[in-house]
Amino acid sequence: MKKRSVRSVICVLLVAVLLTACNKSEESKSEEDAEKGIKIGITFDTFVLERWTRDRDVFASTAEKLGAKVDVQNANGNVEKQKEQIRKFIEDDMDVIVVVAVDCFRLTDEVTQARKKGIEVISYDRLIQGCATDLYITVDNEKVGALMAETMIENLPDGGNVVMLCGPKMDTNSADVVKGFKNTIEGSNLNIAKEIYVKSWTPENGFAAANEALADAESVDAVMCGNDGLAGYAIKALSEKQLAGKVFVTGQDADLEACQRVVEGTQTMTVYKPIERLAKVAAQCAVKMGKKDEAMEEEIERLITKKTQEGSYVPYWALPPIAVTAENMDDVIIGLGFHLRDEVYLNVDN
């Protein structure tokens with residue numbers, strides 16, 4: 001068995017164990033949590049992207065059903081604002097702080113201060129650097145990049161030039177996606193012709209980066225995009241050159257517009273990430289961590305760890321993603337209830 005397969009099996013087993021721990025006695029203890037008044041503060045990078053509103057709603061509703069009080073904050077892509085939000089959480093004596101980092105490298109002082117005060121800190125979907133957090137919960141982002149590469153290799157057997165339109169460097173997920181993509185295409189006939197990183201996830205930066213990346217689109221065979229938003233900008237740039245649908249385009253998050261583009265034929269694939277399950281389990285874990293639940297602490301100790309760039313080891317929990325194309329759109333996206341069929345096929349006859 002290949003090393004990657006072994007790691008996948010281990011990850012799936014650990015996911016099952018942790019999910020069981022989070023779900024155990026969930027309903028029977030909700031009244032106890034309410035009496036204790038578990039307080040959770042969660043700060044998001046932005047709600048510009050469709051997926052983050054899903055995370056927010058599922059996380060908050062799940063935690064509140066378990067008796068916790070949730071303070072949701074939006075940093076609007078501003079790291080200084082996010083620092084202020086974390087400091088306010090500390091002042092308010094939150095039991096747990098959950099962070100979707102604007103910049104994974106610039107929250108060290110705030111996270112360290114929170115943990116010194118005894119507050120549990122969760123890196124949600126993006127691994128904070130410069131210090132350890134108590135848990136890193138995410139989707140397997142290296143696998144996301146690998147799925148993009150595998151789909152390209154299958155559909156472009158003769159190879160070709162690939163442009164990489166990557167997410168911000170301060171988002172560690174972007175680095176993991178890039179790593180997974182590059183490791184998978186190594187030894188294939190695909191050639192990375194250009195590698196562009198957006199400054200942030202904002203629309204203006206995404207569109208500017210797409211235009212820069214596709215200035216010579218006529219020589220491009222495929223575009224690897226850091227998410228579905230960037231894929232949308234890339235397809236717009238390709239459309240202006242009458243190349244939409246002729247160039248292979250990948251993305252991730254399975255946003256509704258991306259799924260529509262996949263069935264229309266302008267975007268070749270996206271990656272479905274089980275966001276609702278991720279947010280639900282993160283909320284369950286946050287409540288139990290806030291209660292200092294011994295069973296939860298024992299399960300976290302058994303997790304594999306993810307190494308930060310400065311050498312800290314963080315308990316790491318990851319869900320497996322799924323590649324989505326027009327062929328399996330009905331089975332994955334519609335079958336799992338992520339989007340409605342009428343919405344996905346809005347612009348096509350099916």
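In the predicted model, Ile42 of strand 1 stands opposite Val98 in strand 3. These two strands, 1 and 3, pair in the parallel sense over 4 bridges. Strand 1 spans residues 39–44. Of its 6 residues, 5 are buried, so the strand is largely enclosed by the rest of the structure.

Strand 1 also pairs with strand 2, again in the parallel sense, over 6 bridges. Here Ile40 stands opposite Val70 in strand 2. The chain passes from strand 1 through helix 3 to strand 2. This β-α-β crossover is right-handed.

These strands belong to an open sheet of 7 strands. The order across the sheet is 2-1-3-4-5-12-11, and the pairing is mixed. Strand 2 (69–74) and strand 11 (305–307) stand at the edges. Each has a single partner strand, so one side of each is left without a neighbour in the sheet. From one strand to the next, the twist averages 25 degrees. In general, strands of a sheet pair through backbone hydrogen bonds, in either the parallel or the antiparallel sense.

Strand 3 covers residues 96–99, and strand 4 covers residues 120–124. The two pair in the parallel sense over 4 bridges. Val96 has Glu120 in strand 4 as its bridge partner. The bridge partner of Val98 in strand 4 is Ile122. Val98 thus links both ways, since it also has Ile42 opposite. Between strands 3 and 4 lies a helical connection. Strand 3, helix 5 (residues 108–116) and strand 4 make a right-handed β-α-β unit.

Strand 4 is buried along its length: 5 of its 5 residues are buried, so the strand is largely enclosed by the rest of the structure. Its side chains are split between two directions. Glu120, Ile122 and Tyr124 point one way, whereas Val121 and Ser123 point the other way. On its other flank, strand 4 pairs with strand 5 (residues 135–139). This pairing is parallel and runs over 3 bridges. Ser123 has Tyr136 in strand 5 as its bridge partner.The structure was also searched for empty space. In general, rolling a probe the size of a water molecule over the atoms shows where such space is left. The search of the whole structure finds 3 cavities of 30 Å³ or more. The largest cavity has a volume of about 160 Å³. It is lined by 20 residues. Closest to its centre are Asp171, Trp201, Gly226, Gln252 and Lys273. Helix 3 (50–65) and helix 7 (172–185) are the elements that give two or more residues to this lining. Helix 7 gives the most, with 4 residues. By class, the lining of the largest cavity has 7 nonpolar, 7 polar and 6 charged residues.

The second largest pocket has a volume of about 280 Å³. Its lining consists of 17 residues. Asp228, Gly229, Tyr233, Asp255 and Glu257 lie nearest its centre. Two or more lining residues come from each of helix 9 (228–240) and helix 10 (256–264). Helix 9 provides the largest share of this lining, 5 residues. The lining of the second largest pocket divides into 8 nonpolar, 4 polar and 5 charged residues.

Technical notes
Residues are numbered from 1 along each chain as its sequence is written. This is a predicted model: local features need pLDDT of at least 70, side-chain atom pairs count only at pLDDT 80 or more; totals for chains, interfaces and linings use all residues. Side-chain values use heavy atoms; hydrogens and water are left out. Two strands pair if DSSP finds at least two bridges between them. Axes are lines fitted to C-alpha atoms, for helices over the stretch in contact, and angles run from 0 to 180 degrees between N-to-C directions. On a 1 Å grid over the protein atoms alone, a cavity is a set of points where a 1.4 Å probe fits but cannot get out, and a pocket is an open set with protein on both sides within 12 Å along at least five of seven lines; lining residues have an atom within 4 Å of a point. Grid points are joined across faces, edges and corners, and a volume is the space filled by probe spheres set on the points. Ala, Val, Leu, Ile, Met, Phe, Trp, Tyr, Cys and Pro count as nonpolar, Asp, Glu, Lys and Arg as charged, and the others, Gly among them, as polar. Buried means under 20% relative accessible area, exposed over 50%, partly exposed in between (1.4 Å probe, protein chains only). A crossover is right-handed if, with the strands pointing away from the viewer, the path from the first strand over the helix to the second runs clockwise.
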